[in-house]
Amino acid sequence: MDQLLAMRVFIRITDARSLAKAADSLNLPRSSVSKLLQDLEQHLGAKLIERSTRSFTITPMGERYRKQTREILAQLDEMDTAARYAKVNPQGKLRVDVGSSLANEIIIPALPEFHARYPQLELLLGVNDRPADLIGEGVDCVIRGGVLPDSSMIGRQLCTLDYVTCATSGYLSAHGTPVHPQDIEDNHQTVRYFFPHSGKSLPLQFSNGTDEFEIHGNTVVNISESTALTEALLTGMGIGQIFRFSAEHHFLSGRLIPLLEEWKQPSLPVQLVYPANRHQSAKLRAFVDWALELFAREFASP
């Protein structure tokens, strides 16, 4: 017996005060309605309705069961409505960790659009360049560069970021403009990124198909946060490599000058990563879909 269906049939019978009318309104055969009522009474071990060709009476037990059943079905309908609403209008808190450059230049400027689309979602945006422990820290998803760190995670490719080598015109006027990567190693100051979890500094990297160089130079400062690295370059402290999307508006204003563009600099794949057991969350799906749309728009090929 489908007890939930039998309960709904019982309520409809008592509302209509007729098995025939209940069957018609439910678009069920009258025999099916009668059988469901009989099965329900047998399951409960009690008579719910006394009926004959001339009378229809709900028993005292039937009245009690009717009241309780109506309350249960109302709660179930409310739960179903809430679930459907949450799927269309996700709500609650969502914890997302993002690297600083992507947060400040891509995610945060677009947050009014996200809020307008999902007004009942409260975003907890962790902005830093350190790897997050998704499980231990209760993070729903992260946007990070590099390879997928754990096979138990799901990764969605967002874009690939190119690096560019640059410095200020003031620095170049004082120290000269390099014409080869080795010039940087021999004659220039560098500003470099270091990984906060290991303390390892990232060398400046160049290749032209046959030759590859890892350049350290006379490093004056190592910085573990990508936005701060850009700011350090803007002070004229030396030559460094930053994301091209972060540098482009500084190129247009003349605050930074691109260098050695005939050499290929590294690139970094960016993924949105989340634990496999959270892929059904409506609020996570909402953010994933929005982020894929946002990055496709921001990093579309010209």
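Two strands pair if DSSP finds at least two bridges between them. Helices (H or I, at least four residues) and strands (E, at least two) are themselves DSSP runs, numbered from the N terminus. With that in hand, Arg156 of the structure above can be placed opposite Leu272 in strand 13. This is a predicted model, in which local features need pLDDT of at least 70, side-chain atom pairs count only at pLDDT 80 or more, and totals for chains, interfaces and linings use all residues. Residues are numbered from 1 along each chain as its sequence is written, and side-chain values use heavy atoms, with hydrogens and water left out.

Let us follow the strands a little further. Strand 6 (153-167) and strand 13 (267-275) are antiparallel partners, joined by 9 bridges. Strand 6 also pairs with strand 11 (residues 240-243), again in the antiparallel sense, over 4 bridges; there, Cys166 has Gly240 as its bridge partner. With strand 12 (residues 257-259), strand 6 shares 3 bridges and runs antiparallel, and Thr165 stands opposite Leu259.

Strand 13 has another partner in strand 5 (141-145): the two run antiparallel and are joined by 4 bridges. Here Arg144 of the chain stands opposite Gln271 in strand 13. Strand 5 in turn runs parallel to strand 3, with 3 bridges between them, and Val96 stands opposite Cys141 in strand 5. How much of strand 5 is buried? Of its 5 residues, 4 are buried, where buried means under 20% relative accessible area, exposed means over 50%, and partly exposed lies in between (1.4 Å probe, protein chains only).

Now to the helices. Two packed helices are described by the angle between their axes and the distance between the axes. For helix 5 (residues 100-107) and helix 11 (residues 282-298), the axes come within 12 Å and cross at roughly 80°. Axes are lines fitted to C-alpha atoms, for helices over the stretch in contact, and angles run from 0 to 180 degrees between N-to-C directions. Helix 5 and helix 11 are therefore roughly perpendicular to each other; the bands are under 35 degrees for roughly parallel, over 145 for roughly antiparallel, 65 to 115 for roughly perpendicular, and oblique for the rest.

Which residues make the contact? Helix 5 contributes Leu102, Ile106 and Ile107, while helix 11 contributes Trp290, Leu294, Phe295 and Glu298, contact meaning heavy atoms within 4.5 Å. By class, this contact of helix 5 with helix 11 has 6 nonpolar, no polar and 1 charged residues. In that scheme Ala, Val, Leu, Ile, Met, Phe, Trp, Tyr, Cys and Pro count as nonpolar, Asp, Glu, Lys and Arg as charged, and the others, Gly among them, as polar. Since 6 of the 8 residues of helix 5 are buried, the helix is largely enclosed by the rest of the structure. Those buried residues are Ser100, Ser101, Leu102, Ala103, Ile106 and Ile107.

Strands and helices meet again in the largest nonpolar core, which has 30 residues. A nonpolar core is a set of buried Ala, Val, Leu, Ile, Met, Phe, Trp, Tyr and Cys residues joined through side-chain atoms within 4.5 Å. Leu102, Ile143, Leu272, Phe287 and Phe295 have the most contacts inside this core. At least two of its residues come from each of strand 3 (92-98), helix 5, strand 5, strand 6, strand 13 and helix 11, and helix 11 gives the most, with 8 residues. Leaving aside residues up to four places away in sequence, Ile143 touches, among others, Leu102, Ile107, Leu158, Val270, Leu272, Phe287 and Phe295. A second, separate core of 19 residues includes Val9, Ile13, Ala22 and Ala23.

Finally, two loops deserve a look for their backbone angles. Most residues other than glycine have a negative phi, and most peptide bonds are trans. Arg17, in the loop between helix 1 (3-16) and helix 2 (19-26), has a positive phi near 55°. Asn27, in the loop between helix 2 and helix 3 (30-44), also has a positive value, near 60°. Is each of these residues partly exposed or exposed? Arg17 is partly exposed, at 44% relative accessible area, and Asn27 is exposed, at 71%.
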